[in-house]
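Visitor: I've never looked at this one before. Could you walk me through it, one question at a time?

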Amino acid sequence: MNARTRVLTGITTTGTPHLGNYVGAIRPALRLAAQPDTDAFFFLADYHALIKCDDPERIARSRLEIAATWLACGLDPARVTFYRQSDIPEIPELAWLLTCVTAKGLMNRAHAYKAAVDANTAQGEDADAGIGMGLYSYPVLMAADILLFGARQVPVGRDQVQHIEMARDIAQRFNHLYGGGKALLALPDAVVDEDVATLPGLDGRKMSKSYDNTIPLFAGGPRALEDAIARIVTDARRPGEPKDPDSNALCAIYRAFATRAEGDAFAADLRAGLAWGEAKQRLTACIEAEIGPKRERYDRMTVTNYPEEALREGAEKARKLAMPLLAKLRHAVGLRAPQAGSAQVMRSNASARVGRFVTFRGKDGHFHFRFLGADGADLLLSVPFDTPKAAADWVQVLDKAGGAASFVWGPDNLHLRIAEHVGGQAFELWFMHERLAEAGPYANADARDAAMLQLVDALETRWRALAAAQP
Ligand code: TRP
């Protein structure tokens, strides 16, 4: 079994991407995602964007621009699970479950919140003036983003490391309260890439929207790139005069787009008297060689609904993992699907209130199994098997896999897939590469999703009961 590392990171959807975002975040993330041992999840953190921005037009524009930017830069949605936070209802639902186990004192210590309080205090304001619950609970939402997908590695900038540590704390507390010895939630680690240089902006300080010193990535086309580079601050040395290549941002930006040898040659030419104007032209050409084809892709893409479609498919992929985990967590905290005669839920005879498998011979002459919920509802029908034993054996395999103490839903184990062949309104149960059973078609996607949740919940209930009945 190839155990790929699940890597996840969120992209806050505010502002228009600039070269600093490209060099510091987009390019390294896409390189990481291209590694064969990485199972990457990248998402647009548009719920997080709401915390900082109350302009609906900007929110809407930014989330599309940023999706198209990542796709144009080479994100392959067939390889990377690429989705939008607000398309995954399980995220805010998990955020609430986590909120209930998160110590208020932990949130009091979050840097972003503390900085806002300090700023208020310094100005003689009430400590919490202007601070919304969104900012305060920000780390809990972020923990939900990470924990819902069992991410092990979270590539982030330094400023975010504390948030990942908080996600770990929260996961540990949840596991302790509800896991009964099992790790319901996997513990993530922050990954800070020391090799990624921060790109200087026009004035030599870190390139950042808040310093107003950025060079746009795609916006404005090649002209805007050229204009911005023309504004890089240099000294007054004239053509032919030796220049210090490190006296401004030119060389550092050049190096971010060139090989080491090219960067050394550029610096040597400046020392030998290359004119600033010509150096800027060379820099523009060097960036354009990497960015130009991507910008063309971006421009073509933004007039199609490809980004939107990619995100929709990404959300479906993501939810197939999210739904079963959330069902398990809801179950763990006691939010369980109503059982037939729920007054008797406490009855000790477990088998009376859990779903069961039945095997039978169908009209097609083949053998099948069904899974019936506790109330007898027909939740799943197997593919045909040639012998009754084959059907019964698979039932055993399912119970064994699901009842294992280490059981988690996933592609290397049991998982659900939305069935494409009936317009996506049905779903299937797979065991690794084996398609075992299906359910539906349902009237619409909502009904299908509800049925998936119901099935997962009923199966989990059965497997817990089996595990509990074991001596
Ligand atoms: N807070 C992150 C930032 O501002 C974005 C983010 C939201 C994120 N959710 C996440 C990053 C989950 C990593 C994992 O950069």
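What follows is a chat between a visitor and a guide about this predicted model.

Visitor: Let's start simple. How many helices and strands does the protein chain have?
Guide: Keep in mind that you're looking at a predicted model. The C-alpha atoms of the protein chain fill a box of roughly 90 × 60 × 40 Å along the principal axes. Within the chain, the secondary structure comes to 15 helices and 11 strands.

Visitor: And what percentage of the residues is buried?
Guide: Buried here means under 20% relative accessible area. The protein chain has 471 residues, and the buried part of them is 46%.

Visitor: Let's look at some strands. Which residue in S7 is the bridge partner of Thr-359?
Guide: Begin with strand S6 (residues 356-361) and strand S7 (residues 367-372), which pair in the antiparallel sense over 6 bridges. Their hairpin has 5 residues between the strands, and Gly-365 takes a positive phi near 85° there. Across the pairing, Thr-359 has as its partner in S7 Phe-369.

Visitor: Where does the chain go from S7, and which residue in S8 is the bridge partner of Leu-372?
Guide: S7 is also joined to strand S8 (residues 378-382), by 3 bridges and in an antiparallel run. This hairpin has 5 residues between the strands, with Gly-376 at a positive phi near 90°. The S8 partner of Leu-372 is Asp-378.

Visitor: S8 has another neighbour, I think. Which residue in S11 stands opposite Ser-382?
Guide: S8 and S11 run antiparallel, and 2 bridges join them. Opposite Ser-382, in S11, you'll find Ala-437.

Visitor: Now for S9. How many of its 6 residues are buried?
Guide: Strand S9 covers residues 414-419 and pairs with strand S10 (residues 426-431) in the antiparallel sense, over 6 bridges. One bridge pair to look for is His-415 with Trp-430 in S10. S9 is mostly covered, and its count of buried residues is 5.

Visitor: Which glycine takes a positive phi in the hairpin of S9 and S10?
Guide: That hairpin has 6 residues between the strands. The phi in question is near 70°, and the residue is Gly-423.

Visitor: What about positive phi outside glycine? Is Met-432 buried, partly exposed or exposed?
Guide: Most residues other than glycine have a negative phi. Met-432 has a positive one, near 50°, and lies in the loop between S10 and S11. Its relative accessible area is 31%, so Met-432 is partly exposed.

Visitor: Asp-212 has a positive phi too. Is Asp-212 buried or exposed?
Guide: Phi of Asp-212 is near 55°. You'll find Asp-212 in the loop between strand S5 (189-191) and helix H9 (221-230). Its relative accessibility is 69%, so Asp-212 counts as exposed.

Visitor: Any odd peptide bonds? Is the one from Gly-440 to Pro-441 cis or trans?
Guide: Most peptide bonds are trans. Pro-441 sits in the loop between strand S11 (434-439) and helix H15 (445-469). With omega near 0°, the bond from Gly-440 to Pro-441 is cis.

Visitor: On to charges. How many residues apart are Asp-399 and Arg-462?
Guide: The structure holds 23 salt bridges, and one of them joins the side chains of Asp-399 and Arg-462, at 2.7 Å from N to O. The pair links distant parts of the chain, with Asp-399 in helix H14 (residues 388-403) and Arg-462 in helix H15, and the gap along the chain is 63 residues.

Visitor: Are Asp-399 and Arg-462 buried or exposed?
Guide: Asp-399 has 14% relative accessibility, so Asp-399 counts as buried. Arg-462 also comes out at 14%, so the verdict for Arg-462 is buried.

Visitor: How about the pair of Glu-288 and Arg-295: what is the distance between the closest N and O atoms?
Guide: Glu-288 is partly exposed, at 23% relative accessible area. Arg-295 has 5%, so Arg-295 is buried. The two form a salt bridge, and the closest N and O atoms are apart by 2.8 Å.

Visitor: Last one. Which residues form the positive surface patch that includes Arg-58?
Guide: Arg-58 lies in helix H3 (residues 56-72). With a relative accessible area of 35%, Arg-58 is partly exposed. The positive patch is formed by Lys-52, Arg-58, Arg-61 and Lys-209.

Terms used: Residues are numbered from 1 along each chain as its sequence is written. This is a predicted model: local features need pLDDT of at least 70, side-chain atom pairs count only at pLDDT 80 or more; totals for chains, interfaces and linings use all residues. Side-chain values use heavy atoms; hydrogens and water are left out. Patches are made of residues with over 30% relative accessible area and no salt bridge: like charges are joined within 9 Å, nonpolar side chains (Val, Leu, Ile, Met, Phe, Trp, Tyr) within 5 Å. Accessible areas come from the Shrake-Rupley method with a 1.4 Å probe; for residues, only the protein chains shown count as cover. A salt bridge is a side-chain nitrogen of Lys or Arg within 4 Å of a carboxyl oxygen of Asp or Glu. Lys and Arg count as positive and Asp and Glu as negative; His and the chain ends are not counted. The place of a charge is taken as NZ of Lys, CZ of Arg, CG of Asp or CD of Glu. Helices (H or I, at least four residues) and strands (E, at least two) are DSSP runs, numbered from the N terminus. Buried means under 20% relative accessible area, exposed over 50%, partly exposed in between (1.4 Å probe, protein chains only). Two strands pair if DSSP finds at least two bridges between them.
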